[in-house]
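Student: Could you walk me through this structure? I'd like to start with the sheet and then turn to the charged pairs.

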Amino acid sequence: MIETSTTPLDGKCPTGPIETRWARHKEHLQLVGPTNRRKYNVIVVGTGLAGASAAATLGEQGYRVTAITYHDSPRRAHSVAAQGGINAAKNYQNDGDSVHRLFYDTVKGGDYRARESNVHRLAEVSANIIDQATAQGVPFAREYGGTLENRTFGGVLVSRTFYARGQTGQQLLYGAYQSLMRQVDKKSVNLLTMKDVLDIIVVDGHARGVVVRDLKTGKLDAITADAVLLCTGGYSNAFYLSTNAMKCNVTATWRAHKRGAFFANPCYTQIHPTCIPEHGESQSKLTLMSESLRNDGRVWVPRKGKDTRAPGAIPAAERYYYLEERYPTFGNMVPRDVASRNAKYVCDDGLGVGQTGRAVFLDFKDAIERLGKEEIARRYGNLFDMYEKIAGENPYQTPMKIYPAPHYTMGGLWVDYDLMSNLPGLFVLGEANFSDHGANRLGASALMQGLADGYFVIPYTLAPYLAKYGNKGGVAADHAEVRGALEGVAQKTEKLMSIKGERTVESFHKELGNVMLDKCGMSRTEAGLNEAIAKIRALRSEFWENVRILPDKDATLNVELEKAHRVADFLEFSELMCVDARERNESCGGHFREEYQTDDGEAKRDDENYAYAAAWEFNGVGADPTLHKEPLTFEFVKLTQRSYK
Amino acid sequence: MSESTISVTLEVWRQPGTDAAGRFETYQLDGVSTDSSFLEMLDMLNQKLLTEGKEPVAFEHDCREGICGSCGFVINGNPHGPDRGTTVCQLHMRRFKSGAKLTLEPWRAKAFPVLRDLMVDRSAFDKIMAAGGYNSVNVGNAPDANSIPIGQDAASEAFDAAACIGCGACVAACKNASANLFTSAKIGHLAMLPQGQPERYTRTVAMLDMAEDLGFGACSWTQECEAACPKEISVKWISRAQRDYVKGRVVKGI
């Protein structure tokens, strides 16, 4: 039986007219003067869009920043792989866009499970991000006249997405990374590479530092500061196969959770509709094909199952363009959750294509006829090339085969309007927090949120905490809490090394992923989730008795040990995902419970009972967590059944 | 995607640490799916080694989509393997015949010390970037993005240079271990854009001088770097950066 706290959680959002909430809030935030800022140390964990932009900006302001990444360079953070684009309410296309419309689309796209105040702020600062990135030298796509070009993404009826070929994340990250390296050169940011954060140091109820393991030498160190910012991305790798990079993990946020930070909405995960299907047993990860492809590609399957004709030989009348038929208004541009679920349905009905029958066609034949091959190559050339390298087929000649894959996680550590978790001094930015996307994220909104948090929110909202609670100089290296955290990590590492079992880390991760994808993936049931929890517990016990790590010493570069720490955390965290999914007796966005659907198979929300963010408090591994509810109120967007028909 | 399997013989550079001696070890691997990527083949090798109680081969990798720049080693003398414009993570086993013998070595350059096996330390690249690879613009200063028009061709050409993923293949391919393609690509990207003009010459001089200080060699124009670059970045950027360097030093007196 899950215990629920009777005190509602307060997001500390401003009140009054939504258009002026952020402006009024900023006006009343306490400041730290320019000469005092150098007295405060701030740790930024992760150097993706959120982390690099936050570290660079706080460095520019004069704080003493320590930026930490487990990569050999900040430029490798997985934000680099985002393809399609970044939204901004510039209305450069004169097509009716506005801050309000971006706000509205995002709240609706998130299936009414996001905080209105946060989303409106996101929409407001979106335009500034484009200005900043352009000034940094981000080579966005341009019209012939030299102005910026836009395209459209799923779930919206305007063109507000800015892009740099199919490598928008790469270029935005390099912009932030370059700003970060400028601060490194100025010595306002101390950059630590190849260090894994394995615990959060909490002193007198405030986050005051982190424990890091040097990945080259295995040496453990404590780094203390006045505040800690976690910008460590999402947890899609709980599914093992996902579009996330191999090293993406939940470790920093999970260990913060174990130190008291609430984890919110872990069951809100996004399964992206357009990924290259699995090829077989040796598959190590899945590759996304940008959603932007749905601008020109048409999704279909043959009307009758096991149709072995070449796709080009199947006449139009025998093709089922299921998104266009079911959703005439949005067609192929329905939001991601809707597109993914429909791909699953047609494959479940036996209409899937390819070797495994778990794939649908994404066809560019009509677009090539309409626009010419050259124009298609200009728009998507690098994506087509990538597809051909991986799948061994030429998408200019034969339709791509695609299938949904875990891609993004809307859940994350709970934060208030100032991006601070319930653990004072611990701030959480970007995908690592839960705040802006509700139960489903719209395309091109992740880059927007990561950079909004780092460039334009945290530089304002961190100062009041530092002014009030910063202890200017940090915590002594021999403080009991510092030593305790270091010892804890050392013991855990020693335990992992001493097991010397029979199974590889990878084999545990893969088995966990299969359970999660099957029972906590695109559709979920109470019975399935209970089954998953039992399996996860069994797997977790086996892991701690039977995992094998080589090289057998930790004082060296040891890739298997790095992975073992991460998988150990996924084995604990996954249980919380299932508990959260089981507790939410409704379907919304990416969380689809089979028991709760409309007659035509759409997600059926229960606003009366579930219009809240579920923030979980840790009570021990295997012990039931406590549920804290943050009620979500909708004053400016009317709650309706989402319809894309 | 028609799956079949092949066998390969791997000769892999094994080196337990930066200061330790290294040597080649030979491994035979059967049943490799032709649909798997080169790194998935190495995953398979590592799972086999672990099961046999042997230390797995350390290699750098992350996104496996050819964009993060983490992966990279030399296959039979070619950085990132035999295909042009392809990182090793995007190289697939269908490219090889059954019975192929593949020799895998780390990038070899004074400025890139080996960490373990096929992993090298490329932090020198970050030092080059810190020396000037940016536009100095604090958050809050930026004018409206459309206030300075940039022609489609110029933006597109800037992108060609900005596409560099910092993998280090150019250094590995160069007999002098020069970092000129990497450094010039960033110089060229920012020099193409109006926003990059104020610091154009100071940036060029600072970055190229830093590369030299870090122990990267000089360019002797063999153009091997362009052939090895997984993003097919042109050596034209090297000529342009050299022109700017001379102008910066001689005309502007930097």
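Tutor: We can take the sheet and then the salt bridges, keeping in mind that this is a predicted model.

Student: Fine, so in what order do the strands of the open sheet come?
Tutor: In chain A, 5 strands make up an open sheet, ordered β1-β22-β21-β11-β17, and their pairing is mixed. The edges are formed by β1 (3-4) and β17 (412-413) of chain A, each of which pairs on one side only.

Student: And how do β21 and β22 of chain A pair, parallel or antiparallel?
Tutor: They are antiparallel, with 6 bridges between β21 (residues 612-617) and β22 (residues 626-631) of chain A. If you want a register point to check by eye, A615(A) has H628(A) in β22(A) as its bridge partner.

Student: Which helix lies across β21 and β22 of chain A?
Tutor: That is α15 (residues 559-583) of chain A, which also lies across β11 (263-264) and runs at about 145 degrees to β21(A).

Student: Switching to charges, how many salt bridges are there over all chains?
Tutor: The count is 73 over all chains, taking a side-chain nitrogen of Lys or Arg within 4 Å of a carboxyl oxygen of Asp or Glu. One of them joins the side chains of E635(A) and R21(A), at 3.2 Å from N to O. Because E635(A) sits in the segment after β22 of chain A while R21(A) belongs to helix α1 (residues 21-27), this pair ties together parts that are 614 residues apart in sequence.

Student: Is R21(A) buried or exposed?
Tutor: R21(A) counts as buried at 4% relative accessibility, whereas its partner E635(A) is exposed at 52%.

Student: What about R113(A), which residue does its side chain meet in a salt bridge?
Tutor: The partner is D607(A), with an N to O distance of 2.9 Å. R113(A) comes from the loop between α3 (99-109) and α4 (116-136) of chain A and D607(A) from helix α16 (residues 607-610), so the two link parts 494 residues apart in sequence. R113(A) is buried, at a relative accessible area of 2%, and D607(A) is partly exposed, at 26%.

Student: Any pair between parts 46 residues apart in sequence, and if so, which residues are in it?
Tutor: R548(A) and E502(A) form a salt bridge at 3.8 Å, N to O. R548(A) is in strand β20 (residues 547-548) and E502(A) in the loop between α12 (480-499) and β19 (503-504) of chain A, so the parts they tie together are 46 residues apart in sequence. Here R548(A) is buried, at 16%, and E502(A) is exposed, at 57%.

Student: Last one: which residues do salt bridges with shared partners join into one network?
Tutor: The network consists of D111(A), R113(A), R584(A), E586(A), R605(A) and D607(A).

Definitions and conventions
Residues are numbered from 1 along each chain as its sequence is written. Chains are lettered from A and ligands numbered from 1 in the order in which they are written. This is a predicted model: local features need pLDDT of at least 70, side-chain atom pairs count only at pLDDT 80 or more; totals for chains, interfaces and linings use all residues. Side-chain values use heavy atoms; hydrogens and water are left out. Two strands pair if DSSP finds at least two bridges between them. Helices (H or I, at least four residues) and strands (E, at least two) are DSSP runs, numbered from the N terminus. Contact means heavy atoms within 4.5 Å. Axes are lines fitted to C-alpha atoms, for helices over the stretch in contact, and angles run from 0 to 180 degrees between N-to-C directions. Buried means under 20% relative accessible area, exposed over 50%, partly exposed in between (1.4 Å probe, protein chains only).
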